[in-house]
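Let's take a walk through this structure together. Have a look at the sequence and the fold, and then we'll go chain by chain.

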Amino acid sequence: MLDASLADLISGPGGIGAGSRRQAPAQIQPLLALAAACRDALEIEPSPERRAAVKTRVMAAAPARLSAPVKKRPLRRFLLRPATVAAAILALTGATALAANSAGPDNILYPLKQKLEEARSIVAMSKPGRAAVAAGDAGKRLDEIKAMVDKGKPQYVSELLANYDQQINDAQNLAAAARQEGDDTTAVMAMIEATRARHDALMNEILGRVPAGVQAVIRHEEGGAGAGGNPAGGRGKMNPGGSTRPAGRSTSGSGGVSGRSRNAPAGGQTPNSAGQSGPKQGMPPAVEPAPQQGASGGNNGQSQAPAAGTAPGQGMQQGMPQGGQGSYNHAGQNPPSPEAGSMTFDRR
Amino acid sequence: MSEKRELSKLIKQVQKGDLDAFGKLYDRFYDPVYAYVLRQVGSPADAEDITAGVFLEALEKIGGFSWRGAGFGAWLFSIARHDVLDHFRRQGKNREAAITNNHMDIPSQEYVEATAEAAWDRQALRNAIWKLSDDQQHVLLLKLMVNFSNRQIAAVLSKGEGAVKALQHRALTNLRKIMEGNDD
């Protein structure tokens, strides 16, 4: 009753007035009177001159403090608001979400998994939070790579590696930006480094178990050539003795090359859009394959099994830089057996 | 256009980098924010600095604002509340000291209706308010000065609406006891 009476008091046409108090029960009238007196005692009317002076200061400092404009993507506006999508997706029944979480790119639920990752990215608003989400997603790509190799489906590895590169770079960039803004990024940096170390170890592990073309991607040899290719830029060259993290590693985002961005479900936001979207500025020119032509246009994520005559790697194959021979070519055929030949990690 | 829609449009413009729109937001919210801050810190100079900081911080963070929860006003006052707390931490002061020493005898607009039945001295009332708990003070400031709803107050104080109602009742009850004790 007090609450309602106070609300009437404050919002009524007469403001706080005796008329309002007459309607309230007797026991709370003294409290209402006190509230009215408080309101009177607390009121302040700033001077217009001071208001203007402070405004001058604020507006002078404003350009430097302006947050980056939020770019509205027409497709996003067309769909449900991201937060609503995020809430809807995260409210999926536990069984479905659980199943999706463990889905690999060869699973029909994989697009849902991508959407869940996207939703988590949207929910995490702070830069360190988004960096952690991106690093976590990069870690999942590694799990998927291992799973696909274990299942004898190495044709998914190239795409997954491209996505891993994008996501770990996003995590790195977000963490760097957060650090510049004074956020504590110790934990997320440790997470990124651990993920990178796990990547290196995994690449060492699977190199002998994947076809030559995928090996080339792992080593990032230009043109998909065999040993001797120049790993300049792009994915780091793997050394058997340890991990390599050359500067400018992974340009999967530059030039709009990211396979993930092309294969993401229509209208969806890829996790990389948590921090950035589209081509990364200032990244070295893409040595990575150009847009996956074969995999775009209707391919709703990676979950779809390769269409007849179109293997997941084929589009990437087509986009290989000039001179790329592309030793890995499904062309609808089964990939060469990974056991073919002796595979050593570093022939050079 | 409804007020909320107009405000929403302004905010979207600011989010796109429109500083003129930001200036309009400032014009709209400066007075209540300044008053809220001044009533806590006591010094007009400090209040101006803090208020300027509130708006600049809001400008920095407005990209992440969305219309969920209690709305823009509550969001802005959350920033204000934290900035006041930071001010006290930096100064090594507590709020009581600030209030006791403050220039609380700030000229205020005369109420046309002069509705208070009891002739409570304004300064005595203000001093009594600062004897309440932190949460109770905030509820009174936000309800009586800023005209926030319980939902908005709950968002600023990170409490439930039920808790806000209870705080409101307790605040006025305690205030009355303090004032009656002073009158004795």
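In what order do the elements of chain B run from the N terminus on? They go α-α-α-α-α-α-α-α-α, which comes to 9 helices and 0 strands. Helices (H or I, at least four residues) and strands (E, at least two) are DSSP runs here, numbered from the N terminus.

Before going further, keep in mind that this is a predicted model, where local features need pLDDT of at least 70 and side-chain atom pairs count only at pLDDT 80 or more, while totals for chains, interfaces and linings use all residues. Residues are numbered from 1 along each chain as its sequence is written, with chains lettered from A and ligands numbered from 1 in the order in which they are written.

Chain A reads α-α-α-α-α-α-α-α-α-α-α-α-α-α along its sequence, with 14 helices and 0 strands in its secondary structure. How far can you trust it? pLDDT is the predictor's confidence in each residue, from 0 to 100, and its mean over chain A is 65, with 46% of the residues reaching 70 or more. Among the elements of chain A, helix α4 (residues 48-65) has the highest mean pLDDT, 93, and helix α14 (residues 312-318) the lowest, 40. Over residues 236-348 of chain A the pLDDT is below 50, yet the model gives this stretch 245 contacts beyond near neighbours in sequence. A contact means two residues whose C-beta atoms, placed from the backbone, lie within 7 Å.

Now for how the chains pack. A residue counts as buried if 20 or more other C-beta atoms lie within 10 Å of its own, exposed if 12 or fewer, and partly exposed in between, with C-beta atoms placed from the backbone. Buried residues make up 45% of the 348 residues in chain A and 40% of the 184 residues in chain B. Looking at contacts with a separation of 6 or more, residues 24 or more positions apart account for 70% of them in chain A and 65% in chain B.

Next, the nonpolar cores, meaning sets of buried Ala, Val, Leu, Ile, Met, Phe, Trp, Tyr and Cys residues joined through C-beta atoms within 7 Å. The largest has 67 residues, and A35(A), C38(A), V33(B) and V37(B) touch the most other members. Helix α2 (residues 19-41) of chain B gives the most to this core, with 12 residues. Leaving out residues up to four places away in sequence, V37(B) touches A47(B), I50(B), T51(B), A80(B) and V84(B). A second, separate core has 33 residues, including A134(A), A138(A), L174(A) and I192(A).

Helix α10 (residues 157-180) of chain A is worth a stop. Its 24 residues should span 34 Å at 1.5 Å a residue, and its end C-alpha atoms are indeed 34 Å apart; the expected span is 1.5 Å times one less than the number of residues. This helix is mostly covered, with 19 of its 24 residues buried. Just after α10(A), G182(A) takes a positive phi of about 95 degrees.

Back in chain B, two residues other than glycine also have positive phi. N147(B), with phi near 65 degrees, sits in the loop between α7 (134-145) and α8 (150-157). N147(B) is partly exposed, because 15 other C-beta atoms lie within 10 Å. S158(B), with phi near 55 degrees, is in the loop between α8 and α9 (161-183). S158(B) is exposed, because just 9 other C-beta atoms lie within 10 Å.
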